[in-house]
Amino acid sequence: MSTGLAIVWSEWERRLSVAAGALVAFLSLLQDCPVWVSCARGLGALVVVGFVGRSLSRLIAWSQAGDRLEAAARVKVAAEAERPLTQGERRG
């Protein structure tokens, strides 16, 4: 994964949560709910979608950190393989 994925996801996460909140509030108003109930439902949807989006964002960042650790381990193994053996040392 690239760093760009985390940046793009954080932008989409915010937009998606705002759109979900507005849509839920609008649909509540269409069902003849009081305005405060519609606003509360919209806020609830915004918070829930934002929480799920933030959780996915953290999973993406965690995955990217794991990719970096794996790459560092591969470099370390490759460097050790190229190093000449000292006396009494074995590989494998």
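Here is a short back-and-forth on how some labels in this predicted model are reached.

User: What makes the Glu-13 and Arg-54 pair a salt bridge?

Analyst: The cut-off is a Lys or Arg side-chain nitrogen within 4 Å of an Asp or Glu carboxyl oxygen. For Glu-13 and Arg-54 the closest N and O atoms are 3.0 Å apart, so the pair fits the within 4 Å rule. The structure holds one salt bridge.

User: Okay, and which parts of the chain does that pair tie together?

Analyst: Glu-13 sits in helix 1 (residues 3–30) and Arg-54 in helix 2, so the link joins parts that are 41 residues apart in sequence.

User: Why is Glu-13 called buried?

Analyst: Buried means under 20% relative accessible area, and Glu-13 comes in at 5%, so buried it is. Its partner Arg-54 has 40% relative accessibility and counts as partly exposed, because that label covers the range between the buried limit of 20% and the exposed limit of 50%.

User: How do you know that Ser-38 is buried?

Analyst: Same style of check: Ser-38 has 2% relative accessibility, and the buried label needs under 20%. Ser-38 is in helix 2. Leaving aside residues up to four places away in sequence, Ser-38 touches Ala-25, Ser-28, Leu-29 and Cys-33.

User: What makes Asp-32 count as exposed?

Analyst: The exposed label takes over 50%, and Asp-32 has 71% relative accessibility, so the label applies. Asp-32 is in the loop between helix 1 and helix 2. Its phi is near 65°, a positive value in a residue other than glycine.

User: Why is Leu-56 allowed into a nonpolar surface patch when the label is just partly exposed?

Analyst: Patch residues need over 30% relative accessible area and no salt bridge. Leu-56 has 37%, so on area Leu-56 gets in while still being partly exposed. Leu-56 is found in helix 2 (residues 35–82). The patch is made by Val-48, Phe-51, Val-52, Leu-56, Leu-59 and Trp-62, and covers about 660 Å².

User: What does the chain look like overall, in helices and strands?

Analyst: There are two helices and zero strands. Of the 92 residues, 16% are buried. The chain exposes about 7300 Å², and carbon and sulfur atoms supply 68% of that.

User: And how many of the contacts between residues at least 6 apart in sequence join residues at least 24 apart?

Analyst: That share is 60%.

Methods:
Residues are numbered from 1 along each chain as its sequence is written. This is a predicted model: local features need pLDDT of at least 70, side-chain atom pairs count only at pLDDT 80 or more; totals for chains, interfaces and linings use all residues. Side-chain values use heavy atoms; hydrogens and water are left out. Patches are made of residues with over 30% relative accessible area and no salt bridge: like charges are joined within 9 Å, nonpolar side chains (Val, Leu, Ile, Met, Phe, Trp, Tyr) within 5 Å. Accessible areas come from the Shrake-Rupley method with a 1.4 Å probe; for residues, only the protein chains shown count as cover. Helices (H or I, at least four residues) and strands (E, at least two) are DSSP runs, numbered from the N terminus. Buried means under 20% relative accessible area, exposed over 50%, partly exposed in between (1.4 Å probe, protein chains only). Contact means heavy atoms within 4.5 Å.
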